[in-house]
Amino acid sequence: MTLACIDAGLSVGRKRLLGGVHARLEAGRLCAILGPNGAGKSTLLSLLSGQRPPTSGEVRLDERDIAGHAHAALALRRAVMPQESAVAFDFNAEEIVALGRLPHRLRPEADESGIVPAAMALTGVSALATRILNTLSGGEKARVHLARALAQIWHPRPDDASRWLLLDEPTAALDVAHQHAVMVLARQWAARGVGVVAVLHDLNLALRYADEVIVLDQGGKVAQGPAADVLTPELVREVWRTQCERVTSGDGSPQFLFGSA
Amino acid sequence: MSVAMGSSRRLPTRTVLTGGGVLLLLAFALGASSGAYAISTAQLWGVLRDAWQGVVAPTPEHLVFMNIRLPRLLLGIAAGAGLGVAGALMQGLFRNPLADPGLIGISSGAALAAGITIVLGAWLLPVLPRTLGSWTLVSMAFCGGMAVTFLIYVLSRSEGGTRMALMLLAGIAINALAGAGLGFLSVMATDEQLRSLQFWLLGSLGGARWSAVALVGTVVLLACAAALTLSAPLNALALGESQARLLGVDVERVKRRAIVITAFAVGSVTAATGVIGFIGLIAPHWVRMVAGPDHRIVLPASGLLGAALVLAADTVARTAMAPSELPLGVLTAFIGVPMFLLMLRHYRNRI
């Protein structure tokens, strides 16, 4: 029930996008990948998803090289919400969410026809079902793609194989209310045993919702651990070169105030 | 219109497929009854009933229908269905509604090979017959289409697999080269050769005979069946190659299959009929406008609509300037080019 990077790196030509990352993620937890622009966050996510093979080191899913898992088998238990995704043709939102069920078309679930509407309800896009995806706003599109990812790994696997939900900047295009709604949803899925990995820019969302954070800078891992332990004003100053003050919010969760102190 | 409102209206699958079937039947009936020898509806029924019961009636309408018109109509159906399905496949594969089977070089390769056969045939293949519809021309054209498609496929290979943008560019370059070759051949050609080359390039069902119908029909039928198995992966491909891969689709295999299916379908059709333009471009587009972009509907409905369009165009080609026959490609271009320009307006913000 683990997804692990062992000294994993990715270079394209001479350019090193990511190097020597060791990380071990557990199913049932929400892990945030943090770092400044160009730190290698999306690259790490694409290694973890098996989308790109590492050029050095290894990515292991359940103690087996991820390259050894068949694409079709991985698609039954691992879903990725892309950062941005141009869709060809005038597919409507419901048809896009239904594509999440494509890997399961040979062995449909008993409640197959109910999964797409239920996933759309979870991300609040039921009312957009017949709207053409390319005409939706960025935030609406993001929630449709999230519903697609959820539909893809909707039920636990019959063999109890771990399920993984990888989110690439899921909150980037969302308003404040939807940012929190999506993070709450991610927590709920983690609580149900799904391993959730999210690339985030908002450190406060990470502090409030993530069990664990991985901080990247310049293509390498800087820190990993519980959000509240790792995310200190010193680390933020060092990695993001920004001043901040750490305060405690009313519910006891630490939060950052930026640009002060 | 639906784009402007941002809401999708789609006819149900059954309605679309029934509508396509009805259109095809109408075009078939129209094509069957009109021509140099007009056959009335009542006569047509009689002939069809006789044919069904295996009776060979020695009436002129029976002879005309069974020996001339029916093979022509069936070749038209095979050609239209093949081109329509191949067009839908290519548009799905290139993720672009303006893609066309010609993009991967089948038509230009077939045309170049046909041109070589017609113009240089007397010198290269002196003993073989080279008239329109002859087996020499058909097999040369088929091989030419296959060879050029294979060349473009090889040129578009890169480390990570086949790059579609590379394929598009290689296709444009090779198509231009084939065009130059044809231009050169047309300078060398005698007037008579030029005429048959011209006729071939504009397409015609005039070479229809039962042997060609059986061969092209079989290839197109198999190609259509194989194409339908790609409909779900093609839908996933609309999300982009990496997302399709994450949904478990073997993208390289889908590309290879789509290209092989298209090459066989369009290669065999073009070899038998010459170049029939625009059917592969507009049939899928019209289907998408009424039925939405789901390839499970677009693929079969494009086949039905393509077949109906070719039959209708051929009927006009045979009758409009009788007794002389218009080239089929002229008519499909007359319908196709205005449609293409409308599509360009429709998609102008996305190109």
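Angles here run from 0 to 180 degrees between N-to-C directions, with axes fitted to C-alpha atoms. The model shown is predicted.

**View 1. Helix 5 of chain A lies across two strands of the sheet.** Helix 5 spans residues 138-152 of chain A. Helix 5 crosses strand 6 and strand 7 (164-168) of chain A, and makes an angle of about 180 degrees with strand 6 of chain A.

**View 2. Helix 6 of chain A packs on the sheet.** Residues 176-191 of chain A make up helix 6, which touches strand 3, strand 7 and strand 8 (195-199) of chain A. The directions of helix 6 and strand 8 of chain A make about 150 degrees.

**View 3. Six strands of chain A form an open sheet.** The strand order is 6-7-8-3-9-10, with mixed pairing. At the edges are strand 6 (78-81) and strand 10 (220-225) of chain A, each paired on one side only. From one strand to the next, the twist averages 15 degrees.

**View 4. Strand 3 and strand 9 of chain A run parallel.** Strand 3 covers residues 30-34 and strand 9 covers residues 212-217, and four bridges join them. A:Leu34 is placed opposite A:Val215 of strand 9 of chain A.

**View 5. Chain B touches chain A.** On the chain B side, 23 residues are in contact with 25 residues of chain A. Helix 10 (231-237) and helix 11 (241-246) of chain B each supply at least two residues of this side. Helix 11 of chain B gives the most, with four residues. By class, the chain B side holds nine nonpolar, nine polar and five charged residues.

Note on methods. Residues numbered from 1 in each chain as written. Chains lettered and ligands numbered in written order. Predicted model: local features only at pLDDT ≥ 70, side-chain atom pairs only at ≥ 80, totals over all residues. Contact = placed C-beta atoms within 7 Å. Nonpolar A, V, L, I, M, F, W, Y, C, P; charged D, E, K, R; others polar. Pairing = 2+ DSSP bridges.
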